[in-house]
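Work through the exercises below with the model open. Try each task before reading its solution.

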Amino acid sequence: MECDKCGENAVLHAAYSGLYLCESHLCRTVTKRVRRRIREDGLVSDDATVEDPETWVIGLSGGKDSVVLTQILHDTFAEDPRIELVALSIHEGIEGYRDASLDACEELTEDLGIRHEVVSYAEEFGVEMDDVVEDDPEGMAACAYCGVFRRDLLSRYAEELDADKLLTGHNLDDEAETALMNFLEGDVEQIAKHFEASLGPFDERADAPTERTRESQDHHIPRAKPLRDIPEKEVALYARFQELPAHITECPHAEEAYRGEIQELMLGLEENHPGTRHSIMAGYEKLAALAADTYGGENGDRDYGECENCGAPTARDRCRKCNLLDALEAV
């Protein structure tokens with residue numbers, strides 16, 4: 001088939017839009033949509049100036065999503081003195097997996113001239129994921145431990161790096177799956193937190209997806225997900241065609257049974273009803289804004305205090321990370 005834009009050979013049929021796209025126009029449309037999301041979410045604050053630039057920390061794992069995000073952000077803001085980019089990578093301690101992905105991170109950041117910081121579970125927590133999986137004191141999937149530890153380090157080091165925003169490479173598939181999981185679990189408060197943490201726009205704009213903006217939060221660096229309009233397949237193709245050093249290998253400990261079921265369901269729905277992921281997110285963001293009116297803002301802030309052990313923001317006496325580390329030490 002031919003590209004609908006130029007007549008060259010198409011490399012992708014985007015069934016949700018009906019378009020056939022060649023390599024060049026696929027990459028252009030991915031970049032265009034990411035930049036539109038940055039604009040619609042108001043990521044560049046009016047307060048960002050040449051004299052007082054914003055610092056954006058990118059969670060860079062070396063996988064296709066974070067690598068593509070880093071490349072597009074660099075291409076967009078390399079000549080913009082209002083924005084400073086810093087890449088933050090985390091070494092979980094997974095033999096034969098994370099070292100290779102960190103090599104990709106180092107290659108990319110060196111090529112782009114972006115500051116790159118690396119922290120590890122071993123240095124910060126005294127544990128490695130290979131050992132956590134072997135001990136498993138809570139009887140949980142590896143991803144449940146790893147998610148808690150990663151979130152803690154991303155938040156803590158984003159703060160240490162004086163970040164104004166923390167950007168992650170979640171794509172459309174990731175976000176639609178999370179939205180559906182939250183809805184099926186009936187977790188309205190989590191939906192509200194999702195809006196305040198990473199979905200809501202930072203300021204009022206005519207082209208913003210919701211009228212409500214997210215409330216400022218004292219307990220976490222605000223997050224943003226500029227890739228959340230881009231299907232996973234298109235992210236992977238972008239990385240391939242741009243010859244980016246992405247480490248495309250699944251973590252050997254990946255085991256999220258419920259998310260896996262949702263993923264299979266989503267793939268089937270998208271195949272039979274193209275555009276399902278986009279429509280889920282369009283409706284979910286509006287519902288999340290309504291939920292945030294009730295559970296977000298100051299109401300949400302009242303739930304947060306400090307962990308009595310490490311001082312991290314938490315709604316409990318001790319944060320989840322400290323409880324898990326205590327359980328591991330008890331094994």
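**Exercise 1. A residue after a helix**

Is glutamate 243 buried, partly exposed or exposed?

*Solution.* The model is predicted. Start with the location: glutamate 243 sits in the loop between H9 and helix H10 (257-272). Next, take its relative accessible area, which is 72%. The cut-off for exposed is over 50%. Glutamate 243 is therefore exposed. Finally, check the backbone. Phi of glutamate 243 is positive, near 55 degrees, in a residue other than glycine. Most residues other than glycine have a negative phi.

**Exercise 2. A second positive phi**

Find where aspartate 136 lies and classify its accessibility.

*Solution.* Aspartate 136 belongs to the loop between helix H5 (129-135) and helix H6 (142-160). Its phi is near 40 degrees, a positive value in a residue other than glycine. For accessibility, the relative accessible area of aspartate 136 is 25%. Partly exposed runs between the 20% and 50% cut-offs. Aspartate 136 is partly exposed because its value falls there.

**Exercise 3. A long-range neighbour**

How many residues apart in sequence are alanine 15 and glycine 275?

*Solution.* Place alanine 15 in the loop between E1 and strand E2 (19-21). Alanine 15 and glycine 275 are 260 residues apart in sequence. In space, their C-alpha atoms are 7.6 Å apart. Alanine 15 has 42% relative accessibility, so it counts as partly exposed. Now widen the view to the protein chain. Take contacts between residues at least 6 apart in sequence: 72% of them join residues at least 24 apart.

**Exercise 4. The largest nonpolar core**

Which elements supply the largest nonpolar core, and which one gives the most?

*Solution.* The largest nonpolar core has 37 residues. Trp56, Val68 and Leu73 have the most contacts inside it. Each of these elements supplies at least two residues of this core: strand E1 (12-14), helix H1 (23-40), strand E3 (54-59), helix H2 (64-77), strand E4 (83-91), helix H3 (98-112) and helix H9 (232-241). H2 gives the most to this core, with 6 residues.

Follow one residue outwards. Leaving aside residues up to four places away in sequence, valine 68 touches Leu227, Val235, Tyr238, Ala239 and Leu244. A second, separate core has 28 residues, including Leu88, Tyr121, Val132 and Leu325. In soluble globular proteins, nonpolar side chains tend to be buried together.

**Exercise 5. The buried residues of H9**

List the buried residues of H9 and name elements that cover them.

*Solution.* The buried residues of H9 are Glu234, Val235, Leu237, Tyr238, Ala239 and Phe241. E1, H1 and H2 are among what covers them.

**Exercise 6. The whole chain**

Why does the radius of gyration of the protein chain agree with that of a compact globule?

*Solution.* With 331 residues, a compact globule would have a radius of gyration near 20 Å. The protein chain has 20 Å, so the two agree. Along the principal axes, its C-alpha atoms fill a box of roughly 65 × 50 × 45 Å. The chain has 13 helices and 9 strands. Buried residues make up 49% of the 331 residues.

Turn to the surface. The accessible surface comes to about 16400 Å², and 43% of it belongs to carbon and sulfur atoms. Last, count charges: there are 33 positive and 74 negative side chains. The centres of the two sets lie 6 Å apart.

How values were computed. Residues numbered from 1 in each chain as written. Predicted model: local features only at pLDDT ≥ 70, side-chain atom pairs only at ≥ 80, totals over all residues. Heavy atoms only, no water. Core = buried A, V, L, I, M, F, W, Y, C linked by side-chain atoms within 4.5 Å. Buried < 20%, exposed > 50% of the residue type's maximum accessible area, 1.4 Å probe, protein only. Helix = DSSP H or I, 4+ residues; strand = E, 2+ residues; numbered from the N terminus. Contact = heavy atoms within 4.5 Å. Rg over C-alpha atoms; globule rule 2.2 N^0.38 Å. Areas by Shrake-Rupley, 256 points an atom, 1.4 Å probe, with all protein chains shown as cover. Lys, Arg positive; Asp, Glu negative; His and termini not counted. Charge placed at Lys NZ, Arg CZ, Asp CG, Glu CD.
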